[in-house]
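Load the model in your viewer and keep the selection panel open. The stops below go from the whole chain to single residues.

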Amino acid sequence: MNLSISPPPFAGAPVVVLSAGLGGSGSYWLPQLADLEQDYQVVCYDQRGTGNNPAELPEDYSLAQMADELWQALSTAGIGRFSVIGHALGALIGLQLAVDRPEAIDALVCVNGWLTLHPHTRRCFQVRERLLHAGGAQAWVEAQPLFLYPADWMAARQPRMEAEEALALAHFQGKATLLRRLNALKRADFSRLATEIRCPVLTICSADDLLVPAVCSSQLHAALPDSTLTVMPRGGHACNVTEPEVFNALLQNGLASLLHRHERLSKELP
């Protein structure tokens, strides 16, 4: 699997891996790249079946496979220790890696993630699947911003919305691929595994997220042994895109604190 790896800003710089949501594109994190690359070696990637990592996915495709694919790619690149910043599905991939490869994960940032799929989120996905079956890629792409962005933010950016729609259609991952990735996401359940996650975790959510209610992050935070919760007052599901200045400040401060805590705890262990 292809990875995009920035040069380290200094010798021994910590590695941060950015994992996107259901869209799967590494470009989702563009509003964060310039800030992060000042302090970290940053890894971006298009998830398997999307972007520059096209592939036919098996029918039983799972979150564990998504996490293992990323781990194998990082290992091949010589990266054995890293932090993960994940959004929605990407947050679940980070959680899975923290369970499967605890020795590799320094810290984890979960943006609008969850323990198990919330009934409201399930309903949203059911509606979107019906749109996909009835109207194809066009209907899916046209509906997507409604779940990502606040209404006033979209209304003020109509040319951008049209450009994003055209780009999303041109690079649509394909119906079968999308449904298999979505089914893997819906089956993921960390309600019994959260206590196994020992790395420090920052959970970030937006109070006005239409797709994943903020209570999901509260529940995730409560279930993790070492977690900090930050709630942004607005920003929608894609809060890192709509409120980048606020989000980037929270991310930079939070991640630095997580890594400092991880380093301190590592020294304290016998």
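The tour covers the overall fold, the sheet, the nonpolar cores, an annotated region and two single residues.

**Whole chain**

Start with everything selected, and keep in mind that this is a predicted model. In cartoon view the protein chain shows 10 helices and seven strands. Its radius of gyration is 18 Å, close to the 18 Å from the globule rule for 270 residues, so the chain is as compact as a globular protein of that length. The C-alpha trace spans about 60 × 40 × 40 Å along its principal axes.

Switch to a surface. The accessible area comes to about 12,000 Å², with 54% of it on carbon and sulfur atoms. Of the 270 residues, 51% are buried. If you draw a contact map, counting contacts with a separation of 6 or more, 79% are between residues 24 or more positions apart.

**The sheet**

Next, select the strands. Seven of them form an open sheet with mixed pairing, in the order β1-β3-β2-β4-β5-β6-β7. Which strands stand at the edges? They are β1 (4-5) and β7 (227-232); each has a single partner strand, so one side of each has no neighbour in the sheet.

Zoom in on the β7 end. Strand β6, residues 201-206, pairs with β7 in the parallel sense over six bridges. Show Cys205 and look across to β7: Val231 stands opposite.

**The nonpolar cores**

In soluble globular proteins, nonpolar side chains tend to be buried together. Here the largest nonpolar core has 55 residues. Select Val17, Phe82, Ile93, Leu95, Leu97 and Leu185, the members that touch the most others. Elements that each supply at least two residues of this core include the strands β2 (15-19), β4 (82-87) and β5 (105-111), and the helices α2 (63-76), α3 (89-100) and α4 (119-148). Helices α7 (175-187) and α8 (214-223) do so as well. Which element gives the largest share? It is α3, with eight residues.

A second, separate core holds 30 residues. To find it, select Cys44, Leu148, Met232 and Leu255, which are among its members.

Go back to Phe82 and show what surrounds it. Setting aside neighbours within four places in sequence, Phe82 is in contact with Val15, Val17, Trp71, Leu74, Leu97, Ala104, Ile105, Asp106 and Ala107.

**An annotated region**

Colour residues 14-128. An unreviewed UniProt entry annotates this range as "domain: AB hydrolase-1". Over these residues the chain is 37% helix and 19% strand, and the C-alpha atoms at the two ends are 38 Å apart.

**Two single residues**

Select Thr177, in helix α7. Is this residue buried or exposed? Thr177 has a relative accessible area of 12%, which means that it counts as buried, the cut-off being under 20%. Apart from neighbours within four places in sequence, its contacts are Gly49, Ala55 and Leu57.

Finish with Leu258, in helix α10 (residues 244-268). Leu258 is also buried, with a relative accessible area of 1%. Beyond its neighbours within four places in sequence, Leu258 is in contact with Ala107, Leu108, Val109, Pro200, Val201 and Leu202. As a last step, draw a C-alpha to C-alpha distance from Leu258 to Ala176: the two are 82 residues apart in sequence and 38 Å apart in space.

Key: Residues are numbered from 1 along each chain as its sequence is written. This is a predicted model: local features need pLDDT of at least 70, side-chain atom pairs count only at pLDDT 80 or more; totals for chains, interfaces and linings use all residues. Side-chain values use heavy atoms; hydrogens and water are left out. A nonpolar core is a set of buried Ala, Val, Leu, Ile, Met, Phe, Trp, Tyr and Cys residues joined through side-chain atoms within 4.5 Å. Buried means under 20% relative accessible area, exposed over 50%, partly exposed in between (1.4 Å probe, protein chains only). Helices (H or I, at least four residues) and strands (E, at least two) are DSSP runs, numbered from the N terminus. Contact means heavy atoms within 4.5 Å. UniProt positions are given in the numbering used here, feature names are shortened, and annotations may be inferred rather than shown by experiment. The radius of gyration is taken over C-alpha atoms; the globule rule is 2.2 Å times the number of residues to the power 0.38. Accessible areas come from the Shrake-Rupley method with a 1.4 Å probe; for residues, only the protein chains shown count as cover. Two strands pair if DSSP finds at least two bridges between them.
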